[in-house]
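Me: Could you walk me through the empty spaces here and the ligand that goes with them? I would like the reasoning behind each label.

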Amino acid sequence: MPIPKYVGSFKGKDFINTQDFTQAEIKKILDAADDLKKKFRKRIPTNYLPGRTLFMIFYNRSLRTRNSFEAGIYQLGGHAHFLSPQDLYTPTLPEDMVPYATEAISDVARVLSRYGDAIAIRIYGDAAKWTIGRGHRVIQEFAKWADIPVLNMEDDMHHPFQALADMQAARAVEPKLEGKKFVVSYAYSGGLKPLAVPQNEVLITTQMGMDVVLAHPKGFELEDSIIKSCQENVEKYGGSFEICNDMEEAFEGADFVYPKAWSPKQFVPPYNKTVDKEGASAYQAKFKNWITTMELLDRTNKAYYMHCGPADRGQEVTDEVLDSYKRSLYFEQAENRLHVQKAVMSMVIP
Ligand code: CP
């Protein structure tokens, strides 16, 4: 079995944020993912990581992420360990170690580094105390201490593997993404949701040189650092980046739409002293008309509908769109999680 050149090409690197990679590097990962997808469909063996171990620490639930990582490392010839934090000694940030705590993240990261080949972590929401950036700091702390690559399976700032899977799906239907209008829009949902997906979508689409529109009601602003990075991406890679507060206007002439719920940040730390779930829910309820319908999609340039999953039926999107819209990429995006994760694992795991 010939080993492709991309295997080991980013040996030892963490994968935490797509912005840590150049456009050329992202395209190289997507090319590798396309190769792995083709081989998966033809059942061609891809035993590129024999005997390697991936540790997966899930502070949150998952369908797509857990199963695609676990299946992915197995298909590469390796093995995954599923770890929930309560089965460890709840790995803890340095500032939370006082007065007593059993095991610091620095300990956990160094111990796991002695046993296997990569550590993948998911942490946001309640597990990160709904404090924007805290989950991301947990992953950075793991990366600081681990001697093996750390992979971000979604924190409260970034969901980089989702962004890769989405670009693989978009490239498959529109090989030249430059010049295409990509809309990342708020869509209503009742519960608190992290900013990770919309933030990563505006980052990677501007990194791909697309014409990107971010649409949301007032109060749903993304983090300033993300907006700044998008503007830097436009300077570096071309395309454009605009923000508007009207979903219908944003959908006009769009080639891709990505309507997805996230939470208004003025109700959670560090923008609020406490986590005000009721306040956030009441505020979100004002925007129930931010739902993707067939009529709304008619305003677009026959746009491809995208969502990371799980989509909230009847809130973010109608059943009709999810079940019968011909240009939906929903299940392709879910499948691509497998291929992009296999690509990155085969590139970074030594
Ligand atoms: N999109 C995504 O990460 O899905 P899961 O929450 O099911 O893993």
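Reply: Gladly. A pocket is an open set of grid points with protein on both sides within 12 Å along at least five of seven lines, and its lining residues have an atom within 4 Å of a point. In this predicted model, the largest pocket has 25 lining residues, and R61, R122, Y124, E154 and P310 are the ones nearest its centre. Its space comes to about 540 Å³.

Me: What makes the lining of the largest pocket 9 nonpolar, 7 polar and 9 charged?

Reply: The classes go by residue type: Asp, Glu, Lys and Arg count as charged, while Tyr and Pro are among the nonpolar ones. Sorting the lining that way gives 9 nonpolar, 7 polar and 9 charged residues.

Me: Why is the largest pocket said to lie between domain 1 and domain 2?

Reply: Domain 1 (18–157 + 336–348) and domain 2 (162–333) each supply residues to the lining, so the pocket lies between them.

Me: How do you know where the ligand sits?

Reply: The test is that more than half of a molecule's atoms lie within 2 Å of the grid points. The ligand sits in the largest pocket, so it passes that test.

Me: What makes a residue part of the shell around the ligand?

Reply: A heavy atom within 4 Å is what counts. The residues around the ligand are S62, L63, R64, T65, R122, H159, Q162, C308, G309 and R337. By class, that shell holds 2 nonpolar, 5 polar and 3 charged residues. Both domain 1 (18–157 + 336–348) and domain 2 (162–333) contribute to the shell, so the ligand lies between them.

Me: Which atoms of R64, R122 and C308 come into polar contact with the ligand?

Reply: The cut-off for a pair of N or O atoms is 3.5 Å. A polar backbone atom of R64 is 2.9 Å from a ligand oxygen, and a polar side-chain atom of R122 is also 2.9 Å from an oxygen of the ligand. For C308, a polar backbone atom is 3.1 Å from a ligand nitrogen. Each distance is within 3.5 Å, so these pairs count as polar contacts. As for cover, the protein takes up 94% of the 250 Å² of accessible area that the ligand has on its own.

Me: Why is one of the spaces called a cavity and not a pocket?

Reply: In a cavity a 1.4 Å probe fits but cannot get out, whereas a pocket is open. The structure holds 1 cavity of 30 Å³ or more. About 100 Å³ of space lies in the largest cavity, and 13 residues line it, with W130, I132, K193, P194 and L195 closest to its centre. Its lining divides into 7 nonpolar, 3 polar and 3 charged residues. Since domain 1 (18–157 + 336–348) and domain 2 (162–333) both give residues to that lining, the cavity lies between them.

Conventions:
Residues are numbered from 1 along each chain as its sequence is written. This is a predicted model: local features need pLDDT of at least 70, side-chain atom pairs count only at pLDDT 80 or more; totals for chains, interfaces and linings use all residues. Side-chain values use heavy atoms; hydrogens and water are left out. A polar contact is a pair of N or O atoms within 3.5 Å; within protein, one must be able to donate a hydrogen and the other to accept it, and residues adjacent in sequence count only if both atoms are side-chain atoms. Accessible areas come from the Shrake-Rupley method with a 1.4 Å probe; for residues, only the protein chains shown count as cover. Domain bounds come from an automatic or database domain assignment. Grid points are joined across faces, edges and corners, and a volume is the space filled by probe spheres set on the points.
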